[in-house]
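Here is a short report on a protein–DNA model. It starts at the nucleic acid and then turns to the protein fold.

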2 protein chains.
Amino acid sequence: MKRNTWQREAVRDALDGTEGFISAQALHSALHASGSPIGLATVYRALGDLAASGDADCLQSPEGEAIYRACSTGHHHHLICRNCGLTVEIAADEVEAWAQRVAGEHGFTSAAHVVDVFGLCADCSRQAAEPASAESASA
Amino acid sequence: MKRNTWQREAVRDALDGTEGFISAQALHSALHASGSPIGLATVYRALGDLAASGDADCLQSPEGEAIYRACSTGHHHHLICRNCGLTVEIAADEVEAWAQRVAGEHGFTSAAHVVDVFGLCADCSRQAAEPASAESASA
DNA sequence: ATGGTTTTGACAATCATTATCAATAGTGAT
DNA sequence: ATCACTATTGATAATGATTGTCAAAACCAT
């Protein structure tokens with residue numbers, strides 16, 4: 001049976017109040033900064049529960065850490081700027097259908113998919129187009 | 001200047017000869033099993049170099065490990081059994097087009113994408129369907 | 001073969017995450 | 001409100017992947 005603890009609510013609130021993705025470590029730090037004496041292990045557990053119950057999205061950052069995000073509107077994917085980290089939520093009905101179909105064609109079941117698009121957002125694209133900086137002329 | 005060592009070729013060969021994705025640890029184990037006394041750190045370095053030079057793709061497995069694959073035959077995606085590791089290569093023209101379009105709609109450029117489908121292959125699905133164990137009737 | 005420099009490899013260090021386990025605090029019943 | 005029961009917490013150790021270190025060895029050009 002699941003019990004109701006202030007720790008779990010604190011994690012849920014903190015995640016809700018976070019703009020983009022956040023790692024367990026960062027969330028723990030943020031909570032401590034807010035005065036919560038919550039333990040690190042508890043943050044990991046709460047995030048894991050949230051992800052398991054579908055209330056949070058979990059994916060792996062390029063640095064190899066697990067990062068979480070409040071997930072209200074069901075299943076969706078992300079468009080992530082690899083320079084500034086800007087994240088845009090995108091619906092992907094086509095991809096959903098495609099993934100299920102392809103999985104089915106090969107006899108696979110319980111198909112989950114990792115569909116994330118990395119690129120340069122408009123701002124960063126513009127900056128990249130106007131370098132005006134000396135490039136390192138390494139071999 | 002990059003030098004040519006048998007270790008680096010061994011890693012490249014092993015990666016080429018691997019069907020789907022493989023982690024650095026697994027590749028190291030495989031090399032050892034083949035008789036190579038190559039060191040673990042060297043495998044990590046070689047894989048990192050391969051990825052940096054574009055000869056290998058690197059992404060994060062759901063378990064949080066970095067997994068690599070040889071990147072020879074152009075761009076394609078994978079259908080991976082999360083139980084037995086079976087990997088099926090799949091073409092994804094629709095997804096390619098979708099990713100480019102979605103990125104463009106949001107002003108993103110240089111869009112790359114990570115599209116991999118994890119599921120249970122036919123064999124593992126069958127095994128999972130006949131558990132012969134009591135399920136926990138949770139809410 | 002020689003020299004200069006890169007690479008290797010064993011191991012320590014680091015970092016994120018999970019397990020451990022006694023103490024604590026919900027929950028439901030009295 | 002109190003009690004007992006048990007899920008949860010939290011400090012810390014343990015784990016496991018990855019990276020840094022640095023002397024020794026290997027590679028390449030001469």
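## Contacts with DNA strand D

A backbone N or O atom of Ala66(B) sits 2.7 Å from a phosphate oxygen of DNA strand D. The model is predicted. Two side chains of chain A also make polar contacts with this strand, as the table shows.

| Protein group | Group on DNA strand D | Distance |
|---|---|---|
| Ala66(B), backbone N or O atom | phosphate oxygen | 2.7 Å |
| Gln7(A), side-chain N or O atom | sugar or linking oxygen | 3.0 Å |
| Arg8(A), side-chain N or O atom | phosphate oxygen | 3.1 Å |

There are 21 residues around DNA strand D. Those that come nearest are Thr42(A), Arg45(A), Arg3(B), Tyr44(B) and Ala66(B). Of the atoms of DNA strand D that come within 4 Å of the protein, 64% belong to sugar and phosphate.

Which helices supply at least two residues each to the surface near DNA strand D? They are helix H1 (6–16) and helix H3 (40–52) of chain A, along with helix H3 (40–52) of chain B. H3(B) gives the most, with four residues. By residue class, the surface near DNA strand D has eight nonpolar, six polar and seven charged residues.

## The sheet of chain B

Chain B has an open sheet of three strands, in the order S1-S3-S2, with antiparallel pairing. Strand S1 (22–23) and strand S2 (56–60) of chain B stand at the edges. Each has a single partner strand, so one side of each is left without a neighbour in the sheet. Strands of a sheet pair through backbone hydrogen bonds, either parallel or antiparallel. S1(B) pairs with strand S3 (residues 66–70) of chain B in the antiparallel sense, over two bridges. Ser23(B) stands opposite Ile67(B), a residue of S3(B).

## Arg69(A)

Arg69(A) lies in strand S3 (residues 66–70) of chain A. Is Arg69(A) buried or exposed? Its relative accessibility is 13%, so Arg69(A) counts as buried, the cut-off being under 20%. Leaving out residues up to four places away in sequence, Arg69(A) touches several charged residues, including Glu19(A), Asp55(A), Asp57(A) and Glu89(A). Its other contacts include Leu15(A), Phe21(A), His78(A) and Thr87(A).

## Cysteines

How many disulfides does a search of the whole structure find? It finds zero over all chains. Cys58(A) has 41% relative accessibility and therefore counts as partly exposed. Cys58(B) is partly exposed too, with a relative accessible area of 40%.

Note on methods. Residues numbered from 1 in each chain as written. Chains lettered and ligands numbered in written order. Predicted model: local features only at pLDDT ≥ 70, side-chain atom pairs only at ≥ 80, totals over all residues. Heavy atoms only, no water. Near = heavy atom within 4 Å. Polar contact = N/O pair within 3.5 Å; in protein donor to acceptor, adjacent residues only side chain to side chain. Disulfide = S-S within 2.5 Å. Buried < 20%, exposed > 50% of the residue type's maximum accessible area, 1.4 Å probe, protein only. Contact = heavy atoms within 4.5 Å. Pairing = 2+ DSSP bridges.
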